[in-house]
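Please open the model in your viewer and keep the selection panel at hand. The stops below go from the ligand to a pair of helices and then to some backbone details.

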Amino acid sequence: MSRVYNFSAGPSMLPEAVLKKAAEEMLDYKGSGMSVMEMSHRGKVYVSIIEKAESQLRKLMNIPDNYSVLFLQGGASTQFAMVPMNLMAPNKKADLINTGNWSKKALSEAKMYGEVKVIASSEDKNFTYIPENYTISSDADYVHITSNNTLEGTRFVEYPDTGNVPLVADMSSDIMSVEIDVKKFGLIYAGAQKNLGPAGVTVVIIRNDLIGKHIEKTPTMLRYETHTKEKSLYNTPPTYSVYIAGLVFDWIDEMGGVKAIEAINIEKAKILYDFLEESKMFINPVVKKDRSLMNVPFTAPTDELNEKFIAESEKAGLCTLRGHRLIGGMRASIYNAMPIEGVKKLVEFMKKFEMENK
Ligand SMILES: *Cc1c(COP(=O)(O)O)cnc(C)c1O
């Protein structure tokens, strides 16, 4: 068996230790005689799995007691609608900072439920930076940001100070990559398949005073209230995905927590960005101070070289480096589970490629 370094933007690499543990427990979870996939979500064994996942997440992210943690389905894309359906009250107004493709999707969905003001945008420069000057509307029900822009390779290093207006963040591609102060947010959501686990589960962290304000005729399944009341067990949750996410949380804990992971992430990104700065072939278009720690887009001077790079890197066991179809070129996604050796191998490969294709 040989495993590759997989730079996929999502679904993406999981820690090998997690996959091994899941394999060990596949046929007989802790003497239950069944796989986690086969057991009732209301049984004692499963309830302890989901409760442990929640308590680990609370501990690792230092989530205060006045926040609820939910494990939902439908991906981050469903949150694009759930957030406005539940939070666009009483003013039916929201602010949004437009920093890329995912922000735009959140915007078009939110617009169906009220007035959304784009208070800042970096679209003028192909989303290669994070805008800094904006004024929060005092009557906005919330302000929406995309904390890390998966396609464009930017991130908010500092989060906006929104005062009394709740800050909502789509953290799908950088949750648990750096330490954050949850208190600054009204709501955080993230599809799991980039940094937390397998596809199928979406984590929502919501301040309790924001629950129960959904607009009339919000379907039961799309109300946060339904899921907070039932502790994510209103209906069948994505049981196996929650279990694997729980193993990922245990792995982060064993690594020393989010602070330790953050240090490794900074080191990994530095190796790649340092090389990109000295390279005469590869270009990363992002303004230096706003560079993502998770997604690093880069291009060679011609499409022909990009294609050659993608083909040859794949052969070298450095996989899924093709950039997003909207951006082109290459993109290395180096989430929590990407070992530092993978980034070093990538940089070695890039150096060699540059030498050979001068
Ligand atoms: C991947 C991604 C999404 C979409 O997630 P789904 O779970 O596929 O709906 C949304 N926002 C960001 C920032 C992402 O990276």
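Begin by selecting the ligand and its shell of 13 residues, among which S77, T150, D170, Q193 and K194 come nearest; a residue counts as near if one of its heavy atoms lies within 4 Å of the molecule. This is a predicted model, in which local features need pLDDT of at least 70 and side-chain atom pairs count only at pLDDT 80 or more, while totals for chains, interfaces and linings use all residues. Residues are numbered from 1 along each chain as its sequence is written, and side-chain values use heavy atoms, with hydrogens and water left out.

Colour the shell by class next, and three nonpolar, eight polar and two charged residues appear; here Ala, Val, Leu, Ile, Met, Phe, Trp, Tyr, Cys and Pro count as nonpolar, Asp, Glu, Lys and Arg as charged, and the others, Gly among them, as polar.

Which side chains should be inspected for polar contacts, that is, pairs of N or O atoms within 3.5 Å? Select T150, where an N or O atom of the side chain is 2.5 Å from an oxygen atom of the ligand, then D170, which places a polar side-chain atom 2.6 Å from a ligand nitrogen atom, and then Q193, with a polar side-chain atom 2.9 Å from an oxygen atom of the ligand. The ligand taken alone exposes 380 Å², of which the protein buries 87%, with accessible areas from the Shrake-Rupley method and a 1.4 Å probe.

Now select helix α3 (residues 75–87), which gives the largest share of the ligand shell, four residues; helices (H or I, at least four residues) and strands (E, at least two) are DSSP runs numbered from the N terminus. Add helix α4 (residues 101–110), and the axes of the two helices come within 8 Å and cross at roughly 40 degrees, the axes being lines fitted to C-alpha atoms over the stretch in contact, with angles from 0 to 180 degrees between N-to-C directions. α3 and α4 are therefore oblique to each other, a term for angles that are not under 35 degrees, over 145 or from 65 to 115.

Finish with the backbone, where most residues other than glycine have a negative phi and most peptide bonds are trans. A cis peptide bond joins G10 and P11, with omega about -10 degrees, and P11 sits in the loop between β1 (5–6) and α1 (16–24). Another cis bond, with omega about 5 degrees, joins A89 and P90, and P90 belongs to the loop between α3 and β3 (93–98). Lastly, select N126, which is not a glycine yet has a positive phi of about 50 degrees, in the loop between β4 (115–121) and β5 (142–146).

Definitions and conventions. A polar contact is a pair of N or O atoms within 3.5 Å; within protein, one must be able to donate a hydrogen and the other to accept it, and residues adjacent in sequence count only if both atoms are side-chain atoms.
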